[in-house]
Amino acid sequence: MSRTQPDEQDYLSLFRIYGEDLGSLYREPDDDRYALLFEQVVRLLIKPSSFNRSLPEPFRVAARRYHDGDPATVKHLSYPANRHFMLCDLHDLISLRSRVARNRLKGHP
C-alpha cells in the first residue's frame with residue numbers, strides 16, 4: 001500500500017479484505033463489522049493524491065470533517081447505516097472505474 005499517496009489499488013486491496021461484495025452492509029445496517037474498514041477508508045481519503053482528487057469531493061470532505069472531529073459530521077457518521085452507505089457508494093464507484101479501465105486496456109468499449 002502506498003502510504004503517502006493512496007491510489008486505486010490501495011482501496012481495492014482494502015475492500016478485498018472484506019469481500020468483493022459489500023452489499024451485505026445493507027442487510028445488517030446495525031452491524032459494526034465494518035467500523036474498522038470505515039476508519040481505514042477515512043485515513044486513505046484524507047491523504048493527498050491524484051487518485052483521491054479524482055474522487056467526488058463529498059467523499060473527501062466528509063472524511064476530512066470526520067477526521068477533524070466536526071461535530072455534525074461525527075454525529076452523522078456515528079450511525080452505522082450512514083457509514084455503510086458511504087462505504088458502499090465509494091466501493092461501487094472505485095470498482096466500476098477499475099472495471100471500465102481494465103476493459104479499455106483489453107480493447108473493449
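Me: Are Tyr11 and Phe51 buried or exposed?
Reply: In this predicted model, Tyr11 belongs to helix α1 and Phe51 to helix α4, which covers residues 50-54. A residue counts as buried under 20% relative accessible area and as exposed over 50%. On that scale, both Tyr11 and Phe51 are buried.

Me: How many aromatic pairs does the structure hold, and how are the planes of Tyr11 and Phe51 arranged?
Reply: The structure holds 3 aromatic pairs. One of them joins Tyr11 and Phe51, with the ring centres 5.6 Å apart and an angle of 45 degrees between the planes. Because Tyr11 lies in helix α1 and Phe51 in helix α4, the pair ties together parts that are 40 residues apart in sequence. The count is thus 3 aromatic pairs, and the arrangement of Tyr11 and Phe51 is tilted.

Me: Which parts of the chain does the pair of Tyr18 and Tyr34 link?
Reply: Tyr18 and Tyr34 also form a tilted aromatic pair, at 5.7 Å centre to centre and 40 degrees between the planes. Tyr18 counts as partly exposed because its relative accessibility is 21%, whereas Tyr34, at 6%, counts as buried. The two residues are 16 apart in sequence, and the parts linked are the loop between α1 and α2 for Tyr18 and the loop between α2 and α3 for Tyr34.

Me: What is the relative orientation of α1 and α3?
Reply: Two packed helices are described by the angle between their axes and the distance between the axes. For helix α1 (residues 8-17) and helix α3 (residues 35-45), the axes come within 11 Å and cross at roughly 175 degrees. Since an angle over 145 degrees counts as roughly antiparallel, α1 is, relative to α3, roughly antiparallel.

Me: Which residues of α3 do the residues of α1 meet?
Reply: On the α1 side, the contact is made by Asp10, Tyr11, Leu14 and Phe15. By class, the contact of α1 with α3 has 7 nonpolar, 1 polar and 1 charged residues. The residues met in α3 are Leu37, Gln40, Val41, Leu44 and Leu45.

Me: Why does Phe15 count as buried, and how far is Phe15 from Leu37 in space?
Reply: Phe15, which is found in helix α1, counts as buried because its relative accessibility is 2%. Leaving aside neighbours within four places in sequence, Phe15 is in contact with Leu22, Leu37, Val41, Leu87, Leu90, His91 and Ile94. Leu37, under the corresponding exclusion, touches Leu14, Phe15, Tyr18, Leu22 and Leu87. Phe15 and Leu37 are 22 residues apart in sequence, and their C-alpha to C-alpha distance is 7.8 Å.

Me: Which helix gives the most to the largest nonpolar core?
Reply: In soluble globular proteins, nonpolar side chains tend to be buried together. Here the largest nonpolar core has 25 residues, and those with the most contacts inside it are Tyr11, Phe15, Leu37, Val41, Leu45, Leu90 and Ile94. At least two residues of this core come from each of α1, α3, α5 (57-68) and α7 (80-105). The helix giving the most, with 6 residues, is α3.

Me: What percentage of the residues in the protein chain is buried?
Reply: The protein chain has 7 helices and 0 strands. Among its contacts between residues at least 6 apart in sequence, 69% join residues at least 24 apart. Of the 109 residues in the protein chain, the buried ones make up 38%.

Definitions and conventions: Residues numbered from 1 in each chain as written. Predicted model: local features only at pLDDT ≥ 70, side-chain atom pairs only at ≥ 80, totals over all residues. Heavy atoms only, no water. Axes fitted to C-alpha atoms, helices over the stretch in contact; angles between N-to-C directions. Helix = DSSP H or I, 4+ residues; strand = E, 2+ residues; numbered from the N terminus. Parallel < 35°, antiparallel > 145°, perpendicular 65-115°, else oblique. Contact = heavy atoms within 4.5 Å. Nonpolar A, V, L, I, M, F, W, Y, C, P; charged D, E, K, R; others polar. Buried < 20%, exposed > 50% of the residue type's maximum accessible area, 1.4 Å probe, protein only. Phe/Tyr/Trp six-rings, centres within 6.5 Å; stacked < 30°, edge-to-face > 60°. Core = buried A, V, L, I, M, F, W, Y, C linked by side-chain atoms within 4.5 Å.
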